[in-house]
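Me: Let's go through this model together. I'll ask, you reason it out, and each reply should end on what I asked for.

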Amino acid sequence: MISFVLTLKRLLTGLFHAFKLKEFQVLFILIVLLLVSGTIFYVTEEGLGVIDALYFCISTLSTVGHPDFKPRTGLGKIFTMMYIVAGTGIFMGLLSYVAYGVVQSNQKSGDTDTGRDRYRSRSKKQK
């Protein structure tokens, strides 16, 4: 139980740090829009309940998949293919910023200059 609480604390701290980054905020908004639009689509087109549709959307974007549900309609299958291609990349990008936030929050020293920060500062100087 203590391990779970500590891991949850680390995750929430990482999210807090990630939310300070503009790129994370944009990806977060895109994920929310994807989840809302996907949920609405599967409720109306495939006849799922709201919770089932949201569950399917989250399991699809996280690449876990849903073992019992497959889209039945042609439009549902086409939408799901586009949803997977567009959404998986955005979801993985969001997770990379969460991981970055966790690493930032775990740094013990006062040095917050990481490889990503050094890369950004170099690329800005070159422009």
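Me: Which residues form a nonpolar patch on the surface, and with how much accessible area together?

Reply: This is a predicted model, so local features need pLDDT of at least 70, side-chain atom pairs count only at pLDDT 80 or more, and totals for chains, interfaces and linings use all residues. Residues are numbered from 1 along each chain as its sequence is written, and side-chain values use heavy atoms, with hydrogens and water left out. Patch members need over 30% relative accessible area and no salt bridge; like charges are joined within 9 Å, nonpolar side chains (Val, Leu, Ile, Met, Phe, Trp, Tyr) within 5 Å. The patch is Phe19, Val26, Phe28, Ile29, Leu30, Val32, Leu33, Val36 and Ile40, with about 760 Å² (Shrake-Rupley, 1.4 Å probe, only the protein chains shown as cover).

Me: What does a salt bridge mean in that rule?

Reply: The rule pairs a side-chain nitrogen of Lys or Arg with a carboxyl oxygen of Asp or Glu. The cut-off is within 4 Å.

Me: Is phenylalanine 28 buried, partly exposed or exposed?

Reply: Phenylalanine 28 sits in helix α2. Buried means under 20% relative accessible area, exposed over 50%, partly exposed in between (1.4 Å probe, protein chains only). Phenylalanine 28 has 34%, so the class is partly exposed.

Me: How many helices and strands does the chain have?

Reply: Helices (H or I, at least four residues) and strands (E, at least two) are DSSP runs, numbered from the N terminus. The elements run α-α-α-α-α from that end. The count is five helices and zero strands.

Me: Which element has the lowest mean pLDDT, and which the highest?

Reply: pLDDT is the predictor's confidence in each residue, from 0 to 100. The chain mean is 83, and 84% of residues reach 70 or more. The lowest is helix α5 (residues 115–126) at 54, and the highest is helix α2 (residues 22–45) at 94.

Me: What does threonine 60 reach with its side chain, and at what distance?

Reply: Threonine 60 lies in helix α3. Threonine 60 counts as buried because its relative accessible area is 9%. Its side chain reaches the backbone oxygen of phenylalanine 56 at 2.7 Å.

Me: Which residues is threonine 60 in contact with, leaving aside neighbours within four places in sequence?

Reply: Contact means heavy atoms within 4.5 Å. Under that rule, the partners of threonine 60 are Gly65, Tyr83, Ile84 and Thr88.

Me: How far is glycine 87 from threonine 60, C-alpha to C-alpha?

Reply: Glycine 87 is in helix α4. Its relative accessibility is 0%, so glycine 87 counts as buried. Not counting residues up to four places away, glycine 87 touches Ile31, Leu34, Leu61 and Met82. Along the chain, glycine 87 and threonine 60 are 27 residues apart, and their C-alpha atoms are separated by 8.5 Å.

Me: What is the C-alpha separation of tyrosine 97 and alanine 18?

Reply: Tyrosine 97 is also placed in helix α4. With 12% relative accessibility, tyrosine 97 counts as buried. The two residues are 79 apart in sequence, yet in space the distance is 5.9 Å.

Me: Which phi value does threonine 63 have?

Reply: Threonine 63 is in the loop between α3 (50–61) and α4 (74–106). Threonine 63 is exposed, because its relative accessible area is 51%. Its phi is positive in a residue other than glycine, near 65°.

Me: What share of the residues is buried?

Reply: The chain has 127 residues. Its accessible surface comes to about 8,700 Å², with 68% belonging to carbon and sulfur atoms. The buried share is 31%.

Key
Polar contact = N/O pair within 3.5 Å; in protein donor to acceptor, adjacent residues only side chain to side chain.
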